[in-house]
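User: Hi! Could you walk me through a few features of this model?

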Amino acid sequence: MQNWPSDAFMVCRMFRIEAEVDKGRRDLLRSRLRDTNTAASPVLAALRGTPGEREVPLHVWALDSAGDLAGGLVGHTWTTWLHITYLWVDARHRGAGLGTRLLAEAERIARADRGCAAARLETWDFQAPDFYRGQGYEVVGVIPDYPPGITEYTLTKRLG
């Protein structure tokens, strides 16, 4: 045993650690973290109370001639960034440029209507990292084995 002051062990015993889902505590934690981050960052502090502070959904849909979903993009804008959460094209319509059109339209809206300067997304190695690279995205992060046996990529693009 180390030579710790006896009160150091008392402090540790004063806490009860729990592992449970608690939405009220989650919201409180989020609020306190937001306050801490705002106090530490002049950039975040300047955002508070402005329209740029809120995430705004951005969805783009492609419907076939029967009105069925052929593809779509779901994301949001926040500050000057477009974050693409999902991009999917039905297998029957892949290879026809539909993914490129959906992505280009989301980028156009983000840039022209929402003042976004950049975009980001995550994709797995078996999904579409090469597709995104072909659209001008650059890999900025790689997480091997997430989940096991799969690599996750984070990519970004300047929307100049």
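User: Which residues make the nonpolar surface patch of about 450 Å²?

Analyst: Happy to help! This is a predicted model, where local features need pLDDT of at least 70, side-chain atom pairs count only at pLDDT 80 or more, and totals for chains, interfaces and linings use all residues. Residues are numbered from 1 along each chain as its sequence is written, and side-chain values use heavy atoms, leaving out hydrogens and water. Patch members have over 30% relative accessible area and no salt bridge (a Lys or Arg side-chain nitrogen within 4 Å of an Asp or Glu carboxyl oxygen), with nonpolar side chains joined within 5 Å; the patch here is made by Trp61, Leu63, Leu69 and Trp88.

User: Is tryptophan 88 buried, partly exposed or exposed?

Analyst: Tryptophan 88 is found in strand 3 (strands are DSSP E runs of at least two residues, numbered from the N terminus). Buried means under 20% relative accessible area and exposed over 50%, with a 1.4 Å probe and protein chains only. Because its relative accessibility is 39%, tryptophan 88 counts as partly exposed.

User: And why does histidine 76 count as buried?

Analyst: Histidine 76 lies in strand 2 (residues 69-78). Beyond its neighbours within four places in sequence, histidine 76 is in contact (heavy atoms within 4.5 Å) with residues including Trp81, Leu82 and His83. Histidine 76 counts as buried because its relative accessibility is 16%.

User: What phi does glycine 115 take, just after helix 4?

Analyst: Helix 4 covers residues 98-114 (helices are DSSP H or I runs of at least four residues). Just after helix 4, glycine 115 takes a positive phi of about 70°.

Note on methods
Expected span 1.5 Å × (residues − 1). Patch = residues over 30% accessible without salt bridge, like charges linked within 9 Å, V, L, I, M, F, W, Y side chains within 5 Å. Areas by Shrake-Rupley, 256 points an atom, 1.4 Å probe, with all protein chains shown as cover.
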